[in-house]
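Work through the exercises below with the sequence and the coordinates at hand. Each task is followed by a solution in steps.

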Amino acid sequence: MAEPRRIAIVPARNEEGAIGGVVREIRAFDPGLDVVVVDDGSTDGTAELAASAGAVVLRLPFNLGIGGAVQTGFKYALDHGYDVAVRLDGDGQHDPAELPKLTGPLLRGEADIVVGSRFADPDPAYRPPLARRIGIGFFAAVVSLLVRQKVTDTTSGFQALNARGIRLFAADYPHDYPEVEAILMLHAH
């Protein structure tokens, strides 16, 4: 059986300080993973640094917001026939070495979409400011009640999707509060 075609989608806006390192880390971890950076109307050197690090760069002419940038990446993945897509934010907060934890359930056929959580570890490396922690906790509690499943990180930008998930998010991806709304959309589907 042929190896699934895999792509990393990295939305970025004004991330020239981090984007080159993000692309290099992804490529070093998994050289078989194609990388596309969706430059969401950056006014700095994000696009140039991403390209020089080896990414395909999709430049949006103006800032569409995270939802528009992410959906652009999923449309690219669909149009180019990828079987698996992973999403990592362009600021470097996600460790590519953790990708097998996300892609494993997809490759075993246990899930169509897997979302990583910065808070699943009892001693998380990521500690947001107090106000953000309160907001994340509130949304996690509300969303968990609505979907009847424990959700610990409703704003996670660390995801893996199979072809079915790619098709869904290429056709329809929320733009206002995309990660929170996407979880609710997935539950509805």
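Helices (H or I, at least four residues) and strands (E, at least two) are DSSP runs, numbered from the N terminus. The model is predicted.

**Exercise 1. Place His-189 relative to the helices, and decide whether His-189 is buried or exposed.**

Step 1. His-189 sits in the segment after H7.

Step 2. The relative accessible area of His-189 is 62%. The cut-off for exposed is over 50%, so His-189 is exposed.

Step 3. For a distance across the fold, take Leu-168: the C-alpha atoms of His-189 and Leu-168 are 9.1 Å apart, with the two positions 21 residues apart in sequence numbering.

**Exercise 2. Describe the surroundings of Asn-162 and find what its side chain reaches.**

Step 1. Locate the residue. Asn-162 belongs to strand E6, which covers residues 159-162.

Step 2. Assign the burial class. Buried means under 20% relative accessible area; Asn-162 has 15% and is therefore buried.

Step 3. List contacts, leaving aside neighbours within four places in sequence. Asn-162 touches Asp-83, Leu-106, Ala-111 and Asp-112.

Step 4. Look for polar contacts. The side chains of Asn-162 and Asp-112 make one at 2.7 Å.

Step 5. Look at the start of H6. There, a side-chain oxygen of Asn-162 comes to within 3.0 Å of the backbone nitrogen of Arg-164.

**Exercise 3. Which residues of H6 are buried, and what covers them?**

Step 1. The buried residues in H6 are Gly-165, Ile-166, Leu-168, Phe-169 and Ala-170.

Step 2. The cover over the buried residues of H6 includes H3, strand E4 (84-87), E5, E6 and H7.

**Exercise 4. Classify the aromatic pairs that involve Tyr-173 with Phe-74 and with Phe-169.**

Step 1. Two quantities are needed. A pair of aromatic rings is described by the distance of the centres and the angle of the planes.

Step 2. The count of aromatic pairs is four. One of them joins Phe-74 and Tyr-173, with 6.0 Å between centres and 50° between planes, and is tilted.

Step 3. Phe-74 lies in helix H3 (residues 66-79) and Tyr-173 in the loop between H6 and H7, so this pair ties together parts 99 residues apart in sequence.

Step 4. For Phe-169 and Tyr-173 the centres are 4.8 Å apart and the planes are at 85°, so this pair is edge-to-face.

Step 5. Check burial. Phe-74 is buried at a relative accessible area of 0%, Tyr-173 is buried at 1%, and Phe-169 is buried at 1%.

Step 6. Join the results: ring pairs link Phe-74, Phe-169 and Tyr-173 into a cluster.

**Exercise 5. Characterise the largest pocket by volume, lining and residue class.**

Step 1. The space in the largest pocket is about 620 Å³.

Step 2. The lining of the largest pocket consists of 20 residues; nearest its centre are Ile-113, Val-115, Gln-149, Ile-183 and Leu-186.

Step 3. Strand E5 (113-115), helix H6 (163-171) and helix H7 (178-188) are the elements that give two or more residues to this lining.

Step 4. Sorted by class, the lining has nine nonpolar, seven polar and four charged residues.

**Exercise 6. Where do the residues Asn-14 and Arg-148 lie, and what is phi for each?**

Step 1. Asn-14 is in the loop between strand E1 (6-12) and helix H1 (19-29). Its phi is near 50°, a positive value in a residue other than glycine.

Step 2. Arg-148 is in the loop between helix H5 (130-147) and E6. Its phi is positive, about 55°, although Arg-148 is not a glycine.

Step 3. Add accessibility. Asn-14 is partly exposed at 31%, whereas Arg-148 is exposed with a relative accessible area of 71%.

**Exercise 7. Give the element, exposure and contacts of Val-57.**

Step 1. Val-57 is part of strand E3, residues 56-60.

Step 2. With a relative accessible area of 23%, Val-57 is partly exposed.

Step 3. Apart from neighbours within four places in sequence, Val-57 is in contact with Val-37, Asp-39, Ala-47, Ala-50 and Ala-51.

Step 4. Thr-46 is 11 residues from Val-57 along the chain, and their C-alpha atoms are separated by 9.5 Å.

Conventions. Residues are numbered from 1 along each chain as its sequence is written. This is a predicted model: local features need pLDDT of at least 70, side-chain atom pairs count only at pLDDT 80 or more; totals for chains, interfaces and linings use all residues. Side-chain values use heavy atoms; hydrogens and water are left out. Buried means under 20% relative accessible area, exposed over 50%, partly exposed in between (1.4 Å probe, protein chains only). A polar contact is a pair of N or O atoms within 3.5 Å; within protein, one must be able to donate a hydrogen and the other to accept it, and residues adjacent in sequence count only if both atoms are side-chain atoms. Contact means heavy atoms within 4.5 Å. On a 1 Å grid over the protein atoms alone, a cavity is a set of points where a 1.4 Å probe fits but cannot get out, and a pocket is an open set with protein on both sides within 12 Å along at least five of seven lines; lining residues have an atom within 4 Å of a point. Grid points are joined across faces, edges and corners, and a volume is the space filled by probe spheres set on the points. Ala, Val, Leu, Ile, Met, Phe, Trp, Tyr, Cys and Pro count as nonpolar, Asp, Glu, Lys and Arg as charged, and the others, Gly among them, as polar. Rings of Phe, Tyr and Trp (its six-membered ring) pair if their centres lie within 6.5 Å; planes under 30 degrees apart count as stacked, over 60 as edge-to-face and the rest as tilted.
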